[in-house]
Amino acid sequence: MNDRIEEDLPKNEAELLLPFYVNGTLGEKEQRLVEAWLSENAEAADHLARVDEELTLTRADAEMRGAPPRRVLDNLMAEIGAAPSGSGRVGLAERIWSMLSPRYALAGAAALCAVVALESGYLVYSGQQAPAQYQTATSGPEAFSGPSAMVVFASDAGMDAIAARLTDLDLTIIDGPKPGGVFIVGAPDSEDGKAALERLGKTEGLIQFFQLR
Amino acid sequence: METDDHDRQLVARIAKRDSAALRALYMAHSTRIYRFVLSLARNETLAEDVVSETFLKVWQKAGSFEGQSKVSTWLLTIARNQAISVLRKRTEAPIDDEKAAEQKDESDTQEILTAKKDKGAVMRACIDKLSPAHREIIDLVYYQDRSIAEIAGILDIPENTVKTRMFHARKHLSEHFRRAGIDRGWP
């Protein structure tokens, strides 16, 4: 261990706390301490801007580090003796989730689960691609041969809950979000797949709109 | 439902040998764990192994999770211990030594200078030059959004050390920036 006591440590505790102020994890008392320092110290704004920049650049760097390849999960499941996933596709929710840092996950979930007006025009699949906010499955909806459904997730459903439910049912988001927050969710090409979709549609608290295609 | 509440439910299911719950927990957390290990080790194969070992541990130990920390913090702690264990077999330098493994500044200064038009690239190069201990704490604070207390638990160090270590990491980062031709006005 080499945590040296250096002479150049700031005399003000608030300066040490600044990174934690920016990442939003300080308690109320410490937060007030930092805010008082920020309001009283002319140079504090520069410190804050530097920390904010470091946080932004670090996040960008972290997002570029990628994700573990699919085989890690497959090997893990094999190791514990679980049945392999019926689909080799990586679900959109998984990918969105994996791409988001904890701080951004909330905003991502909000975007994904945006409240939609259930106007019929919105819910007709037009084939027109929505602005590319998120990636979709690699094969795309046209190449997908199994049963599928149009789904709008509830506005207050968390990303983790959505990802977990899709995983439990072995379902994959194959397209979306489309206008109105509509996702196309696909299932393995079997009766079980169709039943899994219907179970998704009946999931309490998760689904705002559901329709088999 | 809060993320940690859902994670706790998954851990409870894993304790009952529910592999779908393990899969769901993996999907929610594996990428962040992978990136955390990469911040420490800069080795993709090692990071993959650590991710796998971490979730195997979760499968084996879910029943002993006492819930005193967030599940995500528990996972990071397991992952770090796994990574440290592997790295210790490969190097004699203590992993949490702030100074020992820092790269020499002169080694790729030109590379940084070439990249300096792209501040993100400079940041990447400068982070790479930090010691593993400094890269790790930068990741925990800025990317993993961990609190002082959580980091103290993950790294097994006092809370004051968390604050001073982060300060030193930032200072070194700024010094690397300055050597790369970007003066941030501090230190």
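What follows walks through chain A, two helices of chain B and their surroundings, and the contact between the two chains, all in a predicted model.

Chain A first. Its secondary structure adds up to 9 helices and 4 strands, and these run along the sequence as α-α-α-α-α-α-α-β-α-β-β-α-β. Of its 213 residues, 34% count as buried. If one takes the contacts in chain A with a separation of 6 or more, 74% of them come from residues 24 or more positions apart.

One helix of chain A that is mostly covered is α8 (residues 159-168), where 8 of the 10 residues are buried. The buried set consists of M159(A), D160(A), A161(A), I162(A), A163(A), A164(A), L166(A) and T167(A). After α8(A) comes D170(A), which has a positive phi, near 60 degrees.

Over in chain B, helix α4 (residues 71-90) passes a simple length check: at 1.5 Å a residue, its 20 residues should span 28 Å, and the end C-alpha atoms sit 29 Å apart, so the two agree. Plenty of α4(B) is tucked away, with V71(B), S72(B), T73(B), W74(B), L75(B), L76(B), I78(B), A79(B), R80(B), Q82(B), A83(B) and L87(B) buried. The cover over these buried residues includes α1 (3-15), α2 (19-41), α3 (44-61) and α8 (148-155) of chain B.

Chain B also offers a helix pair to look at. The axes of α7 (residues 132-143) and α9 (residues 159-179) of chain B come within 9 Å and cross at roughly 105 degrees. An angle from 65 to 115 degrees counts as roughly perpendicular, so that is the label for α7(B) against α9(B). On the α7(B) side, the residues involved are A133(B), H134(B), I137(B), I138(B) and V141(B), and they meet R165(B), M166(B), H168(B), A169(B) and H172(B) of α9(B). Sorted by class, this contact has 6 nonpolar, 3 polar and 1 charged residues.

Then there is the contact between the chains, in which 55 residues of chain B touch 47 residues of chain A. On the chain B side, α1, α2, α3, α6 (119-129), α7 and α9 each supply at least two residues. The largest share, 13 residues, comes from α2(B). By class, the side of chain B that touches chain A has 27 nonpolar, 12 polar and 16 charged residues. Helices α7(B) and α9(B), then, meet each other and also supply residues to the side that touches chain A. Likewise, α1, α2 and α3 of chain B are among the elements covering the buried residues of α4(B), and they too contribute to the side of chain B that touches chain A.

Terms used: Residues numbered from 1 in each chain as written. Chains lettered and ligands numbered in written order. Predicted model: local features only at pLDDT ≥ 70, side-chain atom pairs only at ≥ 80, totals over all residues. Axes fitted to C-alpha atoms, helices over the stretch in contact; angles between N-to-C directions. Parallel < 35°, antiparallel > 145°, perpendicular 65-115°, else oblique. Contact = placed C-beta atoms within 7 Å. Nonpolar A, V, L, I, M, F, W, Y, C, P; charged D, E, K, R; others polar. Expected span 1.5 Å × (residues − 1). Buried ≥ 20, exposed ≤ 12 C-beta atoms within 10 Å, placed from the backbone.
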